Amino acid sequence: RKANMIITGGENVFPSEVENAVGAHPSVKDVAVIGVPDEKWGEAIKAVIILNDTYEPGDDLARDIVAFTKGKIAGFKRPKSIDFIKEEEMPRTGTGKILHRILRERFGTWSDAQ
């Protein structure tokens, strides 16, 4: 959906493309990709990930997931940050679609931008 498009450094990024690359990682049960405010690039790409039960969230796994996307999508499309959340924390519609808008409100506040 066009409303979810991320513009980073003047480049258009479709979240679904990033979600497909990140979602192929064996640890990822579900993923939503959003743009969060970034002073340098306008928006930075953040992946919000629900892990499969046997994986523990952490910086090493986050780095591994980002490295996993190398060669699958362009460098500027790879997530700049990853947040791990629990299944029940992912906002969804009644039909199970992820509500990206609510994620942007939760993770995309300007005060958090470094």
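## Salt bridges and the surroundings of Asp83

Apart from its neighbours within four places in sequence, Asp83 is in contact (heavy atoms within 4.5 Å) with Lys46, Ala47, Val48, Ile49 and Phe107. This is a predicted model, in which local features need pLDDT of at least 70, side-chain atom pairs count only at pLDDT 80 or more, and totals for chains, interfaces and linings use all residues. Residues are numbered from 1 along each chain as its sequence is written, and side-chain values use heavy atoms, with hydrogens and water left out.

Asp83 belongs to strand β5 (residues 81-84); strands (E, at least two residues) and helices (H or I, at least four) are DSSP runs numbered from the N terminus. Between Asp83 and Ala47 the C-alpha to C-alpha distance is 6.3 Å, although 36 residues separate them in sequence. The side chains of Asp83 and Lys46 make a polar contact of 2.7 Å. A polar contact is a pair of N or O atoms within 3.5 Å; within protein, one must be able to donate a hydrogen and the other to accept it, and residues adjacent in sequence count only if both atoms are side-chain atoms.

Side chains of opposite charge can pair when their charged atoms come close. The structure holds seven salt bridges, each defined as a side-chain nitrogen of Lys or Arg within 4 Å of a carboxyl oxygen of Asp or Glu. Three of these pairs are listed below.

| Basic residue | Acidic residue | Closest N and O atoms |
|---|---|---|
| Lys77 | Glu17 | 2.8 Å |
| Lys46 | Asp83 | 2.7 Å |
| Arg63 | Asp60 | 2.5 Å |

In the salt bridge between Lys46 and Asp83, Lys46 lies in strand β4 (residues 42-51) and Asp83 in strand β5, so the pair ties together parts that are 37 residues apart in sequence. Lys46 is buried (under 20% relative accessible area, 1.4 Å probe, protein chains only), at 10% relative accessibility.

Lys77 and Glu17 also form a salt bridge. Because Lys77 lies in the loop between α2 (59-68) and β5, and Glu17 in helix α1 (residues 15-23), this pair ties together parts that are 60 residues apart in sequence. Lys77 is buried, with a relative accessible area of 14%, whereas Glu17 is partly exposed (between buried and exposed, the latter being over 50%), with a relative accessible area of 30%.

The salt bridge between Arg63 and Asp60 lies within helix α2, where the two residues are three apart and separated by about one helical turn. Both Arg63 and Asp60 are exposed. Elsewhere, salt bridges that share partners join Lys29, Asp30, Glu87 and Arg92 into one network.
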